[in-house]
Number of protein chains: 2
Amino acid sequence: MGFPVVGVVGGGQLARMMLGPAIALGVTVRVLARSADDSAARVGHDVEIGDERDLDALRHFAAGCDVLTFDHEHVPTEHLHALEAEGVAVRPGADALVHAQDKTVMRRRLTELGIGCPRWAVVGDVDALRDFGDAVGWPVVLKAPRGGYDGKGVRVVRTAQDADEWLATSGPLLAEERVSFRRELSALVARSPHGQAAAYPVVETVQVDGVCREVLAPAAVTAEHAVAAQHAALRIAEGLGVTGILAVEMFDTDDGVLVNELAMRPHNSGHWTIEGARTSQFEQHLRAVLDLPLGETSMTAPHVAMANVLGGDIEDMYAGYLHCMAHDPGVHLHMYGKDVRPGRKVGHTTALGSDAERVRARAVHAAAFLRGDIDG
Amino acid sequence: MGFPVVGVVGGGQLARMMLGPAIALGVTVRVLARSADDSAARVGHDVEIGDERDLDALRHFAAGCDVLTFDHEHVPTEHLHALEAEGVAVRPGADALVHAQDKTVMRRRLTELGIGCPRWAVVGDVDALRDFGDAVGWPVVLKAPRGGYDGKGVRVVRTAQDADEWLATSGPLLAEERVSFRRELSALVARSPHGQAAAYPVVETVQVDGVCREVLAPAAVTAEHAVAAQHAALRIAEGLGVTGILAVEMFDTDDGVLVNELAMRPHNSGHWTIEGARTSQFEQHLRAVLDLPLGETSMTAPHVAMANVLGGDIEDMYAGYLHCMAHDPGVHLHMYGKDVRPGRKVGHTTALGSDAERVRARAVHAAAFLRGDIDG
């Protein structure tokens, strides 16, 4: 059998953060990156430069791998079907991954499975959008079915007319009820090809302008809603045949939890697990796609907080290390090796402890300091 | 300033285990390895092939690094002095490292510092050895001052005549009293160039034939002896001007703790810190040699045990992953990417929990299973 080779399509920070666990396990991670400057390509031992939208590049890359998995969802679904037809072990498989690639396909399938979602409709023109909005109430959330991330491809519209131009050029869009929620949650689960599944504690995600800023573990939700969120994520993983990590972003509402988005790979809402859980989501993803038994998901401290480091005014974030480490010997700093650009996720910080507010403040302080928002 | 480059001389598993923390911190680790098959060379992004006994190879390697540090102690001391004279930041420096390279230099200096050691003498011939043994009692431990590791270069002799042949060919050897101890300890500390130091909990090491088999954290010693061991390690770090991790192996005796050996790099007795301490020894070493503030050293669980995976009958240890992970979802498996040879350290396992005996049994079971000592 020997130690296997996992091919990761995409050279972003998620691929990068798989490298450490892979080195520990003795599993080889190969990375298909578009550029040698990509986050994972800068540190990986085994990097192939190629474009994942090119089937031949995918084929060439897959030939050296035992299993293919992903750093992102932007691989054309038809290419994945082609690779599977040629015998490549694609995990998650094309039929599962399409639900993370196409929000309309996802909504349709979750509704079939009886999973709670905001009310939704596919709208092809202004009239259809108006009918939907008048039925569920304005404003309405309008989404491009494919290609969006971090708030891109998503707009909140107050009237149908606001979307006139977009609808005229986009093809059908997904319209969703804008639910009023107490907080946003993420339920992270892992599932392996033979069907074993494991759930992490449900976390709260704090979003600003559609971009995750903080993750708080565990979420301060009722036990009932936490269980409902984990249960929904496990049902989705099984129902869609997911292999690897599945992140289900949800709204915690007075009436229960409603699914917002899916991702089938390690997810920003799971970065806290690197130090905060007995098995990190990155190791867990590797174990799951390799069909190895899954690791323990319990927390290593009562409370864990993660804060994203977004690009700000400071280009050289290493200068902030001295302050952050001296200020808080327990804070964990992660940098992705990416050039700093405004708003870009270039790293994250994690703090652990017994006081939720204090832990959150520590992670946020370190991230703000590295970004340049705090002077001292 | 920018993110620095740490050059690690040597491509073994210690260099390998620095890579994960370096990737997280955004610090570049370059590796000087003798062969592309070396443990760290198999996974590092930035590997130079060269021989650390060749000053020009060291010079070439150092030119691309901000700081030079080590995977092992086998670099000629005079080369390190030459590099320092040329302005290379060598950490630990040559004047510190010599104490980990030469056991006689170490004994002399520790004795000057008033650190408890077994009684010792440098013996050049059988008569000198006989005088020493008659004074301290037989058997006596005889050591080559340089080059030994894992029990190599060390012999227990019952009479002076037993060492006749060795003494005739070796040059002066270090003779040491064989102390009777309750257990063997290791005190791990880190120290940075500006003098900050941090101590990890003192651990027990279980040795078989001079090779470490298990590490139990924390050691079941009296608080007085634990503090004495930490205190001695911190005094040695300061007295010798160590930068980076210092591991002090000690004997826990009825009369107190006595120093056995020193290592100035991450050490086998600190592998448990990867999951068992808030800052692993590998991250701590990088922080220390870069003169960054040191990280928290507290434990992530009440008890942590590490067991070495030594080469046995099974060449393909991946086959054991399924059993080990299914048997114990909380056990952590580490493989060094080394070809299996009998007795060679090829990996380790770590378990954490609240019951010391159970934690130890879990780590030992996994290591024994991977090696092939247990059928199921």
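In this predicted model, helices H4 (residues 94–101) and H5 (residues 103–113) of chain B have axes that come within 5 Å and cross at roughly 110°. With angles of 65 to 115 degrees counted as roughly perpendicular, H4(B) and H5(B) therefore sit roughly perpendicular to each other. On the H4(B) side, the contact is made by Val98(B), His99(B) and Gln101(B), while H5(B) brings in Lys103(B), Val105(B), Met106(B) and Arg109(B). It's a mixed bag chemically: three of the contact residues are nonpolar, two are polar and two are charged.

Next comes the meeting of the two chains. Here 46 residues of chain B are in contact with 46 residues of chain A. Putting chain B and chain A together buries about 3,700 Å², and carbon and sulfur atoms give 61% of that area. On the chain B side, Ile23(B), Arg278(B) and Tyr318(B) lose the most area to chain A, together making up 20% of what that side buries. As for how the chains pair up, the count of salt bridges between chain B and chain A is zero, but 16 residue pairs are in polar contact across the interface, with both residues at pLDDT 80 or more. Helix H1 (13–25), helix H11 (321–327) and strand E16 (332–335) of chain B each chip in at least two residues to the side that touches chain A. H1(B) has the largest share, with six residues. Sorted by type, the chain B side of the interface holds 27 nonpolar, 11 polar and eight charged residues.

Salt bridges do turn up elsewhere: a search of the whole structure finds 50 over all chains. One of them joins Asp46(A) to Arg30(A), with the closest N and O atoms 3.3 Å apart. Asp46(A) belongs to strand E3 (residues 46–49) of chain A and Arg30(A) to strand E2 (residues 28–33) of chain A, so this pair ties together parts that are 16 residues apart in sequence.

Back in chain B, Lys338(B) is found in the loop between E16 and strand E17 (345–353). Leaving aside neighbours within four places in sequence, Lys338(B) is in contact with Gln13(B), Ser39(B), Arg344(B), Lys345(B) and Val346(B). With Lys345(B) there is a polar link too: a polar atom of the Lys338(B) side chain lies 2.9 Å from the backbone oxygen of Lys345(B). Looking further along the chain, Gly311(B) is 27 residues from Lys338(B) in sequence, and the C-alpha atoms of these two residues are separated by 9.6 Å.

How values were computed
Residues are numbered from 1 along each chain as its sequence is written. Chains are lettered from A and ligands numbered from 1 in the order in which they are written. This is a predicted model: local features need pLDDT of at least 70, side-chain atom pairs count only at pLDDT 80 or more; totals for chains, interfaces and linings use all residues. Side-chain values use heavy atoms; hydrogens and water are left out. Axes are lines fitted to C-alpha atoms, for helices over the stretch in contact, and angles run from 0 to 180 degrees between N-to-C directions. Helices (H or I, at least four residues) and strands (E, at least two) are DSSP runs, numbered from the N terminus. Angles under 35 degrees count as roughly parallel, over 145 as roughly antiparallel, 65 to 115 as roughly perpendicular and the rest as oblique. Contact means heavy atoms within 4.5 Å. Ala, Val, Leu, Ile, Met, Phe, Trp, Tyr, Cys and Pro count as nonpolar, Asp, Glu, Lys and Arg as charged, and the others, Gly among them, as polar. Buried area is the accessible area (1.4 Å probe) that two parts lose on being put together, summed over both. A salt bridge is a side-chain nitrogen of Lys or Arg within 4 Å of a carboxyl oxygen of Asp or Glu. A polar contact is a pair of N or O atoms within 3.5 Å; within protein, one must be able to donate a hydrogen and the other to accept it, and residues adjacent in sequence count only if both atoms are side-chain atoms.
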